[in-house]
Structure formats: C-alpha cells, structure tokens
Amino acid sequence: TFTTVVNFLIYNDNEEVFSSQYAFKCWERVGLQNISGVFRRNFLFFNTNHAASEEFRLGPGFALEYGWFRMDGAVAFSTAASVSDPAFLAVNIERNRPFGVVTLAVAASLPYGIGEQGNGDLIQHGPFPDSN
C-alpha cells in the first residue's frame, strides 16, 4: 500500500556524481538503465570525464566503463500517511556480455547488514506506518 521514492547518487570512475530518483511499490524488478540513462555504459564512457587509465579492457577496441552508486530512501507514502527516510531492501544483479562473446558473466549482491533505518518496519501492513 506504500509507494517508496529512492534517491540515487551515481559516480563514474573519476568520482563525478550524478543523481536520479525512482518510485516503486513493493517487490519491483527494474533495470538500472530504466531508472536513469546515467547507468548506461555509453553515457559513462562518452559523456563523462572518465579516467582513461582506469578502464577495464576486455580486448582490442572494447573497454568497460564502471562506477558505483548509493541509494537512500526519500519518502514512502500511502493514501493515509507518509514516512520520511524509509527503509528498503535492494539486490543488484549484474549481467555482462561483451561484444562478440557468447559467455554471459553474472554476479549478484544483497547487502544484508549494510545501512540502517531505525524509523519503522521494512514491510508495512496497511496504509498506516508501523513505527516500532
């Protein structure tokens, strides 16, 4: 019953920072490139001041551009109430298939125990927040 808005800070390999927001309801799966074009490899490589000495080369003419991102809950709201700085849980699944390569590389991380939101339950049962 709650919609959660999450703020993103996205960094390239030269520590340039970009921002984005995303609103979702419970258990949504969405690709990062659908949240913001800043997550796209071509944006990071061609439109930012990336550190050329930090490229990850996969072969002649192909390099991966990389960075990292931080997420923070902005607000969660229902038809009856809102919660500032809400708790949320996210998992990152990375898939990469270099050009001309058949093998798909996959990795996932679920950061249990990283971060803390002490202002309510992770799962709300109804339109009112539970603050214990």
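## Aromatic pairs and surface of a predicted model

At 38% relative accessibility, Trp68 counts as partly exposed, because that class lies between the 20% limit for buried and the 50% limit for exposed residues. The structure is a predicted model.

**Overall architecture.** The protein has two helices and eight strands. Read from the N terminus, the order of elements is β-β-α-α-β-β-β-β-β-β. Of the 132 residues in the protein, 27% are buried. The accessible surface amounts to about 9,100 Å², and carbon and sulfur atoms account for 54% of this area. Where contacts connect residues at least 6 apart in sequence, 49% of them join residues at least 24 apart.

**Aromatic pairs.** The count of aromatic pairs is six. Two of them are set out below, including the one that involves Trp68.

| Pair | Distance between ring centres | Angle between planes | Class |
|---|---|---|---|
| Phe8 and Phe39 | 5.9 Å | 85° | edge-to-face |
| Tyr11 and Trp68 | 5.1 Å | 10° | stacked |

The pair of Phe8 and Phe39 is edge-to-face because its planes stand at 85°, and an angle over 60 degrees is what that class requires. This pair links distant parts of the chain, 31 residues apart: Phe8 belongs to strand β1 (residues 3-12), while Phe39 sits in the loop between α1 (32-35) and α2 (41-46). Both Phe8 and Phe39 are buried. Ring pairs also bring in Phe69, so that Phe8, Phe39 and Phe69 are linked into a cluster.

The rings of Tyr11 and Trp68 have their planes at 10°, so this pair is stacked. Here too distant parts of the chain are linked: Tyr11 is in strand β1 and Trp68 in strand β5 (residues 67-77), with their positions 57 residues apart in sequence. Tyr11 has 17% relative accessibility and therefore counts as buried, whereas its partner Trp68 is partly exposed at 38%.

**Surroundings of Ser20.** Ser20 is located in strand β2 (residues 17-24). Its relative accessibility is 14%, so Ser20 counts as buried. Leaving aside residues up to four places away in sequence, Ser20 touches Val6, Asn7, Phe8, Ile10, Ile35 and Ser36. Among these contacts is Phe8, a member of the ring cluster with Phe39 and Phe69.

**A nonpolar surface patch.** On the surface, Val91, Ile93 and Val106 form a nonpolar patch, and their accessible area together is about 270 Å². One of the three, Val91, lies in the loop between β6 (82-84) and β7 (92-96).

Definitions and conventions:
Residues numbered from 1 in each chain as written. Predicted model: local features only at pLDDT ≥ 70, side-chain atom pairs only at ≥ 80, totals over all residues. Heavy atoms only, no water. Patch = residues over 30% accessible without salt bridge, like charges linked within 9 Å, V, L, I, M, F, W, Y side chains within 5 Å. Areas by Shrake-Rupley, 256 points an atom, 1.4 Å probe, with all protein chains shown as cover. Salt bridge = Lys/Arg side-chain N within 4 Å of Asp/Glu carboxyl O. Helix = DSSP H or I, 4+ residues; strand = E, 2+ residues; numbered from the N terminus. Buried < 20%, exposed > 50% of the residue type's maximum accessible area, 1.4 Å probe, protein only. Contact = heavy atoms within 4.5 Å. Phe/Tyr/Trp six-rings, centres within 6.5 Å; stacked < 30°, edge-to-face > 60°.
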